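Hi,

Here is the structure I promised to pass on. Have a look at it first, and then read my notes below with the viewer open.

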Amino acid sequence: DCAPATFQGHLLGVTATVRVDLQSRRADILLRGVPVGGRVEGSGWLTNNEFEHGGVQLDDDLQKALARRFVSIEGAALDRAKNVVIVNVSVPIFGVQSIELTRI
């Protein structure tokens, strides 16, 4: 199934909604919550298009918005069998955390 899929999860007061094009592995990302200043959005993609896991590249605006909050995306993985996306994110004070986004 290569239709776009939407995944959602929560971490530390932030709701992450990610719409993934399963064929290109590009994602539209929306973060909402007080810790990110209300709303942050942009796009990202896996750095290696041969795999469904690994490093993530973000568009410049999203990268800058997260950097201002001292947040970075360390990696992501799509698990088609479990219908989830796991994102590893580095956040101030808490260090690297994993957020599991479930398909909605």
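**What I found**

Let me start with one pair of side chains: those of Thr17 and Gln8 make a polar contact, at 2.7 Å. One thing to keep in mind as you read is that this is a predicted model.

Thr17 sits in strand β2. Is Thr17 buried or exposed? With a relative accessible area of 16%, Thr17 is buried, because the cut-off for that word is under 20%. If you skip the neighbours within four places in sequence, the residues in contact with Thr17 are Thr6, Phe7, Gln8, Asp28, Ile29, Leu30 and Arg32. So Gln8, the polar partner from above, turns up in that contact list too.

**The helix**

Next, find α1, which covers residues 60-68. Which residues of α1 are buried? They are Leu62, Ala65 and Leu66. These three cover an arc of only 95° around the axis, which puts them on the same side of α1. Turn to the other side of α1 and you'll find Asp60, Lys64 and Arg68, which are exposed.

What covers the buried residues of α1? The cover includes four strands: β3 (26-33), β4 (38-46), β6 (56-58) and β7 (72-79). Try colouring those strands and the helix.

The ends of the helix deserve a look as well. At the N-terminal end, Asp59 acts as a cap for α1, with a side-chain oxygen 3.2 Å from the backbone nitrogen of Asp61. After α1 comes Phe70, and the phi of Phe70 is positive, near 60°.

**The salt bridges**

How many salt bridges does the structure hold? There are three.

One of them joins the side chains of Glu52 and Arg25, at 3.5 Å from N to O. Glu52 is in the loop between β4 and β5 (53-54), while Arg25 is in the loop between β2 and β3, so this pair ties together parts that are 27 residues apart in sequence.

Another salt bridge brings the side chains of Glu52 and Arg80 together, with 2.6 Å from N to O. Here Glu52 is again in the loop between β4 and β5, and Arg80 is in the loop between β7 and β8 (84-91), so the pair ties together parts that are 28 residues apart in sequence. Since these salt bridges share partners, Arg25, Glu52 and Arg80 are joined into one network. Two members of that network are partly exposed: Arg25 has a relative accessible area of 21%, and Arg80 comes in at 38%.

There is also a salt bridge between Glu41 and Arg39, whose closest N and O atoms are 3.0 Å apart. Glu41 is partly exposed, with a relative accessible area of 48%, whereas Arg39 is exposed, at 51%. Those labels fall on either side of a cut-off, because exposed means over 50%.

**Leu46**

Leu46 is in strand β4 and is buried, with a relative accessible area of 15%. How far apart in space are Leu46 and Gln57? Their C-alpha atoms are 6.2 Å apart, although eleven residues separate them in sequence. Leaving out residues up to four places away in sequence, Leu46 touches Arg25, Phe51, Glu52, His53, Gly54, Gly55, Val56 and Ala76. You'll recognise two names there from the salt-bridge network: Arg25 and Glu52.

**Leu12 and Arg25: positive phi**

Leu12 is in the loop between β1 (5-11) and β2 (14-21). Leu12 isn't a glycine, yet it has a positive phi of about 50°. With a relative accessibility of 39%, Leu12 counts as partly exposed. Together with Ile93 and Phe94, Leu12 makes a nonpolar surface patch of about 360 Å².

Arg25 is another one to click on: this residue isn't a glycine either, and has a positive phi of about 65°. By now you have met Arg25 as a salt-bridge partner of Glu52, as a residue that Leu46 touches, and as part of the loop between β2 and β3.

Happy browsing!

Note on methods
Residues numbered from 1 in each chain as written. Predicted model: local features only at pLDDT ≥ 70, side-chain atom pairs only at ≥ 80, totals over all residues. Heavy atoms only, no water. Buried < 20%, exposed > 50% of the residue type's maximum accessible area, 1.4 Å probe, protein only. Helix = DSSP H or I, 4+ residues; strand = E, 2+ residues; numbered from the N terminus. Arc of directions from axis to C-beta. Contact = heavy atoms within 4.5 Å. Polar contact = N/O pair within 3.5 Å; in protein donor to acceptor, adjacent residues only side chain to side chain. Patch = residues over 30% accessible without salt bridge, like charges linked within 9 Å, V, L, I, M, F, W, Y side chains within 5 Å. Areas by Shrake-Rupley, 256 points an atom, 1.4 Å probe, with all protein chains shown as cover. Salt bridge = Lys/Arg side-chain N within 4 Å of Asp/Glu carboxyl O.
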